[in-house]
Amino acid sequence: MTIKRIARYFLRGCLVTAPLGLTVYIVWMILSTIDRFLPLPIPGLGLLATVALITIIGLFTSNVVGRSVLDLTESLLQRLPLVKLVYNSIKDLVSAFVGD
């Protein structure tokens, strides 16, 4: 086995493990941040509270009143130049994956 082949195997190993490790690290950081903002006595309960809150927001925006509030908020965001760019970019990215 040559040094060149070993280096190639090492590079392939890095290409496989780096995205996995980075994903695990990012998820861990997000969960830690959520738990810090919501100081609940049970670890991970902050994640459950966040999921519940997002579900309630989804329920709220599914009816007529919530949809009108969402439309009003979007129209206000469209008036701010930098915010408009960021908001539309994120909205387009999410729409590309969700198809909504």
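This report covers one helix, two salt bridges and a surface patch in a predicted model.

## Helix H1

Helix H1 covers residues 3-37. Its 35 residues should span 51 Å at 1.5 Å a residue. The end C-alpha atoms of H1 are 49 Å apart, which agrees.

H1 also bends. The bend is about 25° and sits at Thr17. A proline, Pro19, follows within four residues.

## Salt bridges

Side chains of opposite charge can pair when their charged atoms come close. The structure holds two salt bridges.

One joins the side chains of Asp71 and Arg67, at 3.6 Å from N to O. Both residues lie in helix H3, residues 64-77. They are four residues apart, about one turn of the helix. Asp71 is partly exposed, because its relative accessibility is 38% and the partly exposed range runs between 20% and 50%. Arg67 is also partly exposed, at 41%.

The side chains of Lys91 and Glu74 meet in a salt bridge too, at 3.2 Å from N to O. This pair links distant parts of the chain: Lys91 is in helix H4, Glu74 is in helix H3, and they are 17 residues apart. Lys91 is partly exposed, with a relative accessible area of 36%. Glu74 has 14% relative accessibility, so Glu74 counts as buried, under the 20% cut-off.

## A nonpolar patch

Eight side chains are listed here by name: Leu82, Leu85, Val86, Ile90, Leu93, Val94, Phe97 and Val98 make a nonpolar surface patch of about 860 Å².

Val94 is found in helix H4, residues 81-98. Its relative accessible area is 44%, so Val94 is partly exposed.

Technical notes
Residues numbered from 1 in each chain as written. Predicted model: local features only at pLDDT ≥ 70, side-chain atom pairs only at ≥ 80, totals over all residues. Heavy atoms only, no water. Patch = residues over 30% accessible without salt bridge, like charges linked within 9 Å, V, L, I, M, F, W, Y side chains within 5 Å. Areas by Shrake-Rupley, 256 points an atom, 1.4 Å probe, with all protein chains shown as cover. Salt bridge = Lys/Arg side-chain N within 4 Å of Asp/Glu carboxyl O. Helix = DSSP H or I, 4+ residues; strand = E, 2+ residues; numbered from the N terminus. Buried < 20%, exposed > 50% of the residue type's maximum accessible area, 1.4 Å probe, protein only. Expected span 1.5 Å × (residues − 1). Bend = angle between axes of the 7 residues up to and from the residue.
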